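Here is a friendly walk through a small protein model, from its overall form down to single side chains. Please keep the structure open beside the text as you read.

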Amino acid sequence: MSEISRLLYYTATVSGCAGLLYTGVLFVVALVSVLASTPERRKDARATLGILVRRRGR
């Protein structure tokens, strides 16, 4: 039974790290979409942000 609990712990840890990494990427892209110096970069960053947060239909 300890193997299962260790596996669950590591799975939760990896999932948490992946969630934090994804949130960080979204934050950086959102920041670039607002603060970029050229309109082309802002447009590209907004398009990327739209792809990252697009929700899929159920």
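A residue is called buried when its relative accessible area is under 20%, exposed when over 50%, and partly exposed in between, using a 1.4 Å probe and protein chains only. By this scale, H1 has Leu26, Val29 and Ser33 as its buried residues.

A word on the model itself: it is predicted, with local features needing pLDDT of at least 70 and side-chain atom pairs counting only at pLDDT 80 or more, while totals for chains, interfaces and linings use all residues. Residues are numbered from 1 along each chain as its sequence is written, and side-chain values use heavy atoms, leaving out hydrogens and water.

**Overall form**

The protein has two helices and zero strands. Its radius of gyration is 17 Å, well over the 10 Å that the globule rule gives for 58 residues, so the protein is more spread out than a compact globule. Here the radius is taken over C-alpha atoms, and the rule is 2.2 Å times the number of residues to the power 0.38. Helices (H or I, at least four residues) and strands (E, at least two) are DSSP runs numbered from the N terminus.

Along the principal axes, the C-alpha atoms fill a box of roughly 55 × 30 × 10 Å. Of the 58 residues, 10% count as buried. The accessible surface comes to about 5300 Å², with 66% of it belonging to carbon and sulfur atoms; such areas come from the Shrake-Rupley method with a 1.4 Å probe, and for residues only the protein chains shown count as cover.

**Helix H1**

How does the span of H1 agree with 1.5 Å a residue? Its 34 residues should span 50 Å, and the end C-alpha atoms are 49 Å apart, which agrees. The expected span is 1.5 Å times one less than the number of residues. The buried residues of H1 pack against helix H2 (39–52), where contact means heavy atoms within 4.5 Å.

Three residues of H1 serve as markers for C-alpha separations:

| Residue | Partner | Apart in sequence | C-alpha separation |
|---|---|---|---|
| Leu8 | Leu20 | twelve residues | 18 Å |
| Tyr9 | Thr38 | 29 residues | 45 Å |
| Val28 | Thr38 | ten residues | 16 Å |

Leu8 counts as exposed at 56% relative accessibility, and Tyr9 is exposed too, at 54%. Val28, found in H1 (residues 2–35), is partly exposed at 48%.

**A salt bridge and a nonpolar patch**

How many salt bridges does a search of the whole structure find? There is one, a salt bridge being a side-chain nitrogen of Lys or Arg within 4 Å of a carboxyl oxygen of Asp or Glu. Glu3 pairs with Arg6, and their closest N and O atoms are 2.8 Å apart. Because they are three residues apart in H1, Glu3 and Arg6 are separated by about one helical turn. An α-helix has 3.6 residues a turn, so residues three or four places apart point the same way. Glu3 is exposed, with a relative accessible area of 55%, whereas Arg6 is partly exposed at 43%.

Val28 returns in a nonpolar surface patch with Phe27, Leu31, Val32, Val34 and Leu35. Together these residues have about 580 Å² of accessible area. Patches are made of residues with over 30% relative accessible area and no salt bridge, joining like charges within 9 Å and nonpolar side chains (Val, Leu, Ile, Met, Phe, Trp, Tyr) within 5 Å.
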